[in-house]
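Thanks for coming, everyone. Let me put the chain up and walk you through it.

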Amino acid sequence: MNGPRPEAEAGPQDFAELPDLASRALGGAVIWANDEFFAEKENLIKPGAPAFTPADFGHKGQVYDGWETRRRRAAGSDQAIVRLGVPGRVHGVVVDTAWFKGNAPTHASVEALFLPGHPDSDEVRQSERWETLVPKSPLVPDFPNALPVPEENRGERRTHLRLTIHPDGGVARFRAHGFATPDPAFLRGDNIDLAASENGGRVVDCSNRFYSHPHQLLGPGKARVMGDGWETARRRDSGNDWVLVRLAEEGVADWAEIDTSYFLGNAPGAASLTGLTASGEQVPLLGRTKLAPDTRHRFRLAEGGAPITHVRLDIFPDGGLARFRLWGSFTPKGFAGLEKAWGKDG
């Protein structure tokens, strides 16, 4: 098994490889904005790239696929609050001003807080726990501005982010990349998806992502269209494509789901699964097995398997998958890791 690079913590330049904790696809929501005169706040966290149609005018002017406030005629700034889809530790944000050229903000800053339960927008907005996550930083118009979170601000888990634009203008998309830290109280017992993004799983490497990012494999729910999965370019050699997933924590896998829904003429012909232990030992989980197009495949894995921390999914030779699930239970060591990340130990 050749190919995967050693896993490393995301640094200042590669935090965008981490899951987007604010994404609507993961359950994120924009719960408040002080102004959304020209374009709705909900556009900030839509999956996919922002679109633009020239001379597409509504009754308030040019239609933008983003959040846009009116021109300020007094001192101040504009704000929007995003509830993350899952609590997590944010390593960097992207303030994408795509298509906003003469109307982009000049600067942006981000604050964060952790509020348990299900607080309403007034409780969140009026909280006194807000802390600086990203200091006021300059923005480039019509550009995906990547703003790393200073290392000293990465350690705390967060549930909400407050984006402030200075002084006003438009932002197409807002991304918050980091490590999910779900409440372990909901991850006890058997039949837990060890690889799910919302449980803390993440893709750490893959052979090819030509058409779409493999993070989508681990997203919640079922895929809605072919573009809501992972698809590679067509291979013109004798190799095959693969993706390496870091499980939320160490666990024992019982069965897997490999879903080719919506992939008809471009589904892989076969797939295999190999687990990796904490020491790097390979554990065969599923031998090379034929796949059918547009099908949710479920495979029972060998009983009494060794605890694993990673799983490599190989597809033969190339193609696309909608979702990947790895069901099982966390080991005592793995569950202790979940509790520590949540803050119940140290």
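Start with Asp65: does it count as buried, partly exposed or exposed? It counts as buried, at 14% relative accessibility. Keep in mind that this is a predicted model.

What does Asp65 pair with? Asp65 forms a salt bridge with Lys46, and the closest N and O atoms are 2.9 Å apart. The two residues are 19 places apart in the chain. Lys46 is in the loop between β1 and β2, and Asp65 is in the loop between β3 and β4. Lys46 counts as partly exposed, at 31% relative accessibility. So this bridge joins a partly exposed lysine to a buried aspartate, since 14% is under the 20% cut-off for buried.

There are more of these. The structure holds 20 salt bridges. Side chains of opposite charge can pair when their charged atoms come close.

Next, Arg175 and Asp20. Their closest N and O atoms are 3.7 Å apart, in a salt bridge. This pair links distant parts of the chain, 155 residues apart. Arg175 sits in strand β11, residues 173-180. Asp20 sits in the segment before β1. Buried or exposed? Arg175 counts as buried, at 15% relative accessibility. Asp20 is buried as well, with a relative accessible area of 14%.

Now Glu42 and Lys41. Their salt bridge has its closest N and O atoms 2.9 Å apart. Glu42 is partly exposed, at 40% relative accessible area. Lys41 is buried, at 11%. Glu36 comes in here too: bridges with shared partners join Glu36, Lys41 and Glu42 into one network.

Lys41 also turns up beside Ile31. Ile31 lies in strand β1. Leaving out neighbours within four places in sequence, Ile31 is in contact with Lys41, Ile81, Arg83, Ser121, Val124 and His160. Ile31 still counts as partly exposed, because its relative accessibility is 22% and the cut-off for buried is under 20%.

Let's step back to the domains. The chain is divided into domain 1, residues 15-180, and domain 2, residues 184-333. How far apart do their C-alpha centres lie? The answer is 31 Å. For one residue-level distance, take Ile31 and Leu338: they are 307 residues apart along the chain, and their C-alpha atoms are separated by 28 Å.

Now the interface. Eight residues of domain 1 are in contact with ten residues of domain 2. Together the domains bury about 740 Å² between them. Of that area, 58% is on carbon and sulfur atoms. Which residues supply much of domain 1's side? Glu17, Pro19 and Leu26 supply 53% of the area that domain 1 buries against domain 2, more than any other three residues.

What about polar links? Three residue pairs are in polar contact across the interface. The salt bridge count between the two domains is one. Glu17 is also in a salt bridge with Arg209, at 2.5 Å from N to O.

On to the nonpolar packing. In soluble globular proteins, nonpolar side chains tend to be buried together. Here, the largest nonpolar core has 34 residues. Which members touch the most others? They are Ile258, Leu273, Val311, Leu313, Phe324, Leu326 and Phe330. Several elements each supply at least two residues, including β13, β16, β17, β19, β21 and helix α2. The largest share, seven residues, comes from β15.

Look at Phe324 in that core. Not counting residues up to four places away in sequence, Phe324 touches Ala195, Leu217, Leu218, Ala256, Glu257, Ile258, Leu273, Val311 and Leu313. Apart from this core lies another one, of 30 residues. Ala22, Ala33, Val110 and Leu161 are among them.

One last stop, back at β19. His310 lies in that strand. His310 is buried, with a relative accessible area of 13%. What joins the side chains of His310 and Thr309? A polar contact of 2.8 Å.

To recap: two domains, about 740 Å² buried between them, and 20 salt bridges in the structure. Add a core of 34 residues and another of 30. That's my tour.

Key. Residues numbered from 1 in each chain as written. Predicted model: local features only at pLDDT ≥ 70, side-chain atom pairs only at ≥ 80, totals over all residues. Heavy atoms only, no water. Core = buried A, V, L, I, M, F, W, Y, C linked by side-chain atoms within 4.5 Å. Buried < 20%, exposed > 50% of the residue type's maximum accessible area, 1.4 Å probe, protein only. Helix = DSSP H or I, 4+ residues; strand = E, 2+ residues; numbered from the N terminus. Contact = heavy atoms within 4.5 Å. Domains from an automatic or database assignment. Buried area = accessible area lost by both parts, 1.4 Å probe. Salt bridge = Lys/Arg side-chain N within 4 Å of Asp/Glu carboxyl O. Polar contact = N/O pair within 3.5 Å; in protein donor to acceptor, adjacent residues only side chain to side chain.
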